[in-house]
Amino acid sequence: MIRRRERLSYAAGDLGFNLVWQSIELYLLFFYIQILHLPLGIAAGIFLVGAAVDWLFDPLIGAVADRKAARYPMRLWVLLSGPLIAVALWLAFRSPPLEGLNLAIYAAVTHVGLRFAYGCGNIPYAVLTARITDDPSEQLKLTGLRMQGAALGGLTAATIYALASGGDTPFLVGALILGILAQPCFLITWLGVRERVASPPLSSLPPAQEVSHYFRLIGRNSGLRRLLLTIVVAGLSTTVTAKSILFLFDRDLQHPQWGYWAALLPSAALLISTPLWVALSSRIGLVTTLISAVLLHATALVMLTIFYGHGLAVATVILAIAISATCGMSVMFWSMVPIAIRNLETAPDGTGCAAHVYALSNVARKLGQALAPQIIALSLALTGGGDATLKGGAVLPGMILAAMICAITIMIYRPTSGGRNSAQAVSRP
């Protein structure tokens, strides 16, 4: 049994990371389009470039963290990355005296820097779930509490941005405050967590063999492939919904100021609904709960299309239901990751791969997140918002499209339950 104090210390890390991540998830695309006035295609393309860099560096971070785990504990990465993340967040939300191509280059460079700094701490942080304990029930509790820490971080971030929204530089002020607030959260994780589960021995490899090791992990385990695909489509649908909130109230519902307060919904829903999703999964299983959340999300967005003209309150309530469903999706697929790690590491000839698997999971999640701005930009353009300075265009069609992609994919190619017998051996490098 893990003591509650240690669980809370672990959750503090995700509180800190979500002070930063919610800034990226909810506000950065809106900042590029509405404040910097970048064209839709360029703004969306910056997220795609950032994700491409993540796809290169996240596996590298995972490999280095796994192979240096004996000397450098995972929680050390969390502590040392904190100041870098804070500086990168402040730079990303600056409005420099630039325009045209120079402004787009500045936005792209600072975006990539922020994503890289975030990955340096967040991937090792996620690995801690598998290193604190190898008990699946304890891992589920840790994941649930971690998600609630993330919710508190998101609520704090959304509240600060909402309170600062009346000023001249609300996003820059908010980013500065949040970067500072994140530092003690990382310190608490560093001081309060114990890494009890040692990583199996893993020797250093040349870069080419390291890449082949990743391909072996994916190619020889169908359960891992299904899980990664689930993370891609669930991440896509979840991110489109979250990133669309400010646009939804600004363009679809014509209540822009309320959008800043509605941005609290993802974190509030995560805080409230996580214990319910965890309890439900304990009764009916992770996969069934995941499918239930996916179907609820798609249904709620269709209902929003039908009833959003009935008033702001009705639209907000239905949106809250849709967002609560995305919380269930996230809790479930992150709960499946440590199970996949255990299956791989305990298989015949298994090796330490926790950071490798979390790196792959992050790459899958970021692929979905990278595609999300493309769907939002396409939805805005096709419905009349091709010019970022206009108030035309709607995001609701894009939200529904992403939800349908997710539902159809998971129903056809659903993830496995994560049973130990389903794991296939990954040969020792």
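This report walks through a predicted model of a protein chain, from its overall make-up down to a few single residues.

**The big picture**

Let's start with the fold. The protein chain is built with 15 helices and zero strands. Of its 429 residues, 59% count as buried. Contacts tend to reach across the sequence: if you take those between residues at least 6 apart, 83% join residues at least 24 apart. On the outside, the chain exposes about 16,400 Å², and carbon and sulfur atoms supply 68% of that area.

**Inside the protein**

Now for the empty spaces. The count comes to three cavities of 30 Å³ or more, and the largest cavity has a volume of about 510 Å³. Which residues lie nearest the centre of the largest cavity? They are Asn-18, Trp-21, Gln-22, Ser-330 and Arg-365, out of 25 residues that line it. Several helices each give two or more residues to that lining, among them H1 (4–35), H4 (100–132), H5 (136–163) and H14 (354–385). H8 (222–243), H11 (265–284) and H13 (312–346) are also in this group. By class, the lining of the largest cavity has 10 nonpolar, 10 polar and five charged residues.

**Four residues and their cover**

Here is how two cysteines, an isoleucine and a leucine come out.

| Residue | Relative accessibility | Class |
|---|---|---|
| Cys-185 | 11% | buried |
| Cys-327 | 5% | buried |
| Ile-42 | 38% | partly exposed |
| Leu-224 | 0% | buried |

The cut-off for buried is under 20%, so Cys-185, at 11%, falls in that class. Ile-42, at 38%, counts as partly exposed because its value lies between 20% and 50%. As for cysteine pairs, a search of the whole structure finds zero disulfides.

**A closer look at Leu-224**

Leu-224 lies in helix H8, one of the helices that help line the largest cavity. What does Leu-224 contact, leaving aside its neighbours within four places in sequence? The list is Leu-217, Ile-218, Leu-344, Val-357 and Leu-360. There is also a link in space to another part of the chain: the C-alpha atoms of Leu-224 and Met-336 are separated by 9.6 Å, though the two residues are 112 apart along the chain.

**Around H1 and H2**

Ile-42 sits in helix H2, which covers residues 40–67. Its C-alpha atom and that of Ala-377 are separated by 9.8 Å, with their positions 335 residues apart along the chain. The loop between H1 and H2 holds His-37. Most residues other than glycine have a negative phi. His-37 goes the other way, with a positive phi near 60°.

**A covered helix: H9**

Helix H9 (residues 245–252) is mostly covered, and eight of its eight residues are buried. Is that set made up of charged or nonpolar residues? Both kinds turn up: the buried residues include the nonpolar Ile-245, Leu-246, Phe-247, Leu-248 and Phe-249. The charged Asp-250, Arg-251 and Asp-252 are buried as well. After H9 comes Gln-254, which has a positive phi, near 60°.

Methods
Residues numbered from 1 in each chain as written. Predicted model: local features only at pLDDT ≥ 70, side-chain atom pairs only at ≥ 80, totals over all residues. Heavy atoms only, no water. Helix = DSSP H or I, 4+ residues; strand = E, 2+ residues; numbered from the N terminus. Buried < 20%, exposed > 50% of the residue type's maximum accessible area, 1.4 Å probe, protein only. Contact = heavy atoms within 4.5 Å. Areas by Shrake-Rupley, 256 points an atom, 1.4 Å probe, with all protein chains shown as cover. 1 Å grid on protein atoms, 1.4 Å probe; cavity = no way out; pocket = protein on both sides within 12 Å on 5 of 7 lines; lining within 4 Å. Points joined across faces, edges and corners; volume = space filled by probe spheres on them. Disulfide = S-S within 2.5 Å.
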